[in-house]
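Q: Please walk me through what is displayed here one feature at a time, and explain how each term should be read before you apply it.

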Amino acid sequence: MSVIVGIDLGTTNSLIGAMEAGFPVLIADADGVRLTPSVVHFPKGGGPVVGRAASRMRAVEPADTIYSVKRFIGRRAGEEAGAVDYRLAGGRGEPVRVVARGRTFSPEEVSAFVLQKLRADAEGALGVPMTRAVITVPAYFNDAQRSATKRAGELAGLVVERIVNEPTAAALAYGLDRLKDRARIAVYDLGGGTFDISILELNKGVFQVLATNGDTRLGGDDIDAAIVGHLAEIAGGGLDAGAMARLREAAIAAKHALSTDGEARIELPFFTMGKSFSHVLTRVELETLARPIVERTRAHCRRVLADSQLQPRELDEVILVGGQTRMPLVRAMVAEIFGREANTSQNPDEAVAIGATIQAGILSGAVQNVVLLDVTPLSLGIETFGGLMNVIIPRNSTIPLKRGELFTNAVTGQRSMLIRVLQGERELVKDNWDIGRFELEFEPAPKGQARVGVQFEIDANGILHVLARDTKTGAEKVVKMASAVDVSDEAVEKMLEESLEHAFEDMNERAFTEAKLKAEEMLPAVRTALEQAGADLDDDERAMIAARVADVEAALGEGGAPRLKKAVAALDAATQRLAAILVENAMRQGRGRGGS
Ligand code: ADP
Ligand code: MG
């Protein structure tokens, strides 16, 4: 069996590893360095340059040097993703492309250049061809972003055996030598471009993710942008792209220095119009700029605790991952949120890649006695009567999993059903994302007689497959929701916030819709019953039923769930005797036909 490599394809830095003699080992490049900047420079002549050499070109030729491309992978143009020094292309609603040296590239093509370099380094070091890989992604990546990452691997000539969530990988790295333990841990991963927070339960080799949350657009890049803005203001503004790129380079260096020092001196000779720029940035100044950004992680931590129904004190450890967690302010904030000092035992740059390598080892059989159970970050379901979303897989469900439900026809003689697949946390279809739709044909049947089974399957990579089957004829359709949703994190976040905000309203709307469906079923039934057995009632009873019918009709027009529910219940009560008479009549007739 060939080697499977583990790859952390980061926004800022990427790493590659392989199992050696039963241990996960990260592989260094020709210069002996394990961390490869995820930067691709396109020179005037010759092929693309990747890594440190490309990183040095950021300030020199910013327009032709692509960095942080992970921010655009699987995304569509028009969603603001923050400024970069290179150009973006692609019409609104189309996949984003990046421009360098007059050519356009998809983000997965640029990522593939990074993957190719890692692959070449690993092949050089180990002397064997590498064709299979495990690649990590932020836990909060949606279907489109996962699929695009897989494509990047394929473009680099790799068979992507598994996509693993980054915090889960970090937990594997932490837990591998604690396989006998039982522990609940949180993994707080703040990198250059993304923030992820997950809570896992480790139980004798079983790694179960309890809940996950995060923001794929929150990280060190935002802090860099804040410092650059601050420095540009001090420099007096009006700076060109080259000057901005130099400021960014200086800002990052100062930010790193301030993780250990109290102040950092920034000196840029010949900055603008021959004048040099100099400023001493203090830690206090930096923290003032960074605090609002780091503060944004707090709400996600709260939510993941709520979702896993845990109090901070019930956690055994909070593990820090991602280069940005080296900042003392981040550590202080984590300590405050979770009420304990964070665990810094893992190398924050390497834990995710080590975990990817362990997962590769699990797949190849090199690592045994480890089971990984991950979760899906958003609810999935289909549209049902009355514009309601019927959740089939709730968010934070353990994957891989299959779950199905039976549906029926709303109309007699209906020949097909539109299956509309939705993702999101709201009650009403219109508030969620439509991630795909298809028709299933079935045999015409009276209302409520058709039986259509809909099954959702989320594979181990977090990708959704939908199957619909007419259980009578066995006719079925399987649809892979490949590049299904493409939603921004602002949208995900907004969705979660709104689902809380509107929970009451939504419940009310759902209750109204349900009561309305009941009323619409009852009114014609009562009418028919009155025709058939009305003569057996006295005048008072008939008048009472008529009044109740009128009240239900009025309530339908007015809206408001409690009012309609009450009216429906009153009509139900008023027609009890009528229903009993109907049943009696039917029995008598049945006996009559029986001839007794
Ligand atoms: P990614 O997962 O996005 O590739 P990393 O985990 O490699 O990111 O983290 C990169 C981020 O960490 C960058 O924003 C970088 O500036 C920041 N970083 C790295 N080292 C330090 C440090 N010593 N102090 C503060 N921030 C750091
Ligand atoms: Mg990372």
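A: Let us begin with burial: a residue is called buried when its relative accessible area is under 20%, exposed when it is over 50%, and partly exposed in between, using a 1.4 Å probe and the protein chains only. The model is predicted, with local features needing pLDDT of at least 70 and side-chain atom pairs pLDDT 80 or more, while totals for chains, interfaces and linings use all residues. Residues are numbered from 1 along each chain as written, chains are lettered from A and ligands numbered from 1 in written order, and side-chain values use heavy atoms, without hydrogens and water.

Q: Is threonine 376 buried or exposed, and by what relative accessibility?

A: Threonine 376 counts as buried because its relative accessibility is 6%. This threonine belongs to the loop between β19 (371–375) and β20, where strands (E, at least two residues) and helices (H or I, at least four) are DSSP runs numbered from the N terminus. Its C-alpha atom is 14 Å from that of alanine 144, although the two positions lie 232 residues apart along the chain count.

Q: How many helices and strands does the whole chain have, and what share of its residues is buried?

A: The chain contains 15 helices and 28 strands, and buried residues account for 51% of its 596 residues. Taken along the principal axes, its C-alpha atoms fill a box of roughly 105 × 60 × 50 Å.

Q: How do I read the pairing of strands, and which strands does β20 pair with?

A: Two strands are said to pair if DSSP finds at least two bridges between them. Strand β20 (residues 380–384) pairs with β21 (residues 388–393) in the antiparallel sense over 5 bridges, and β20 also pairs, again antiparallel, with β24 (residues 416–423) over 3 bridges. Glutamate 383 has methionine 389 of β21 as its bridge partner, while isoleucine 382 stands opposite valine 421 in β24. Between β20 and β21 there are 3 residues, and the two strands form a hairpin in whose turn glycine 386 has a positive phi of about 75°.

Q: In what order do the strands of the open sheet run, and which of them stand at the edges?

A: The open sheet has 6 strands in the order β18-β13-β14-β15-β19-β22, and its pairing is mixed. At the edges stand β18 (317–321) and β22 (398–399), each of which has a single partner strand, so one side of each is left without a neighbour in the sheet. Strand β22 pairs with β19 in the antiparallel sense over 2 bridges, and valine 375 is found opposite threonine 398 of β22.

Q: How can the length of a helix be checked, and how far apart are the end C-alpha atoms of α10?

A: The expected span is 1.5 Å times one less than the number of residues in the helix. Helix α10 (residues 351–364) has 14 residues and should span 20 Å, and its end C-alpha atoms are indeed 20 Å apart. Because 10 of its 14 residues are buried, α10 is largely enclosed by the rest of the structure; among the buried ones are Val352, Ile358 and Gln359. Glycine 365, with a positive phi near 95°, follows α10.

In the same way, helix α2 (residues 107–126), with 20 residues, reaches 29 Å from its first C-alpha to its last, close to the expected 28 Å. Its buried residues include Val110, Leu115, Arg119 and Asp121, and α2 is followed by glycine 127, whose positive phi is near 70°.

Q: What is a polar contact, and which side chain does histidine 41 contact in this way?

A: A polar contact is a pair of N or O atoms within 3.5 Å; within protein, one must be able to donate a hydrogen and the other to accept it, and residues adjacent in sequence count only if both atoms are side-chain atoms. The side chain of histidine 41 makes such a contact with the side chain of threonine 65 at 2.8 Å, and it reaches the backbone oxygen of aspartate 64 at 3.3 Å. Histidine 41 lies in strand β5 (residues 40–41) and is buried, its relative accessible area being 3%.

Q: Which atoms of the protein does ligand 1 approach through its oxygen and nitrogen atoms?

A: A nitrogen atom of ligand 1 is 2.6 Å from an N or O atom in the side chain of serine 259, while an oxygen atom of the ligand is 3.2 Å from a polar backbone atom of threonine 11, and an oxygen atom is 3.0 Å from a polar backbone atom of glutamine 324.
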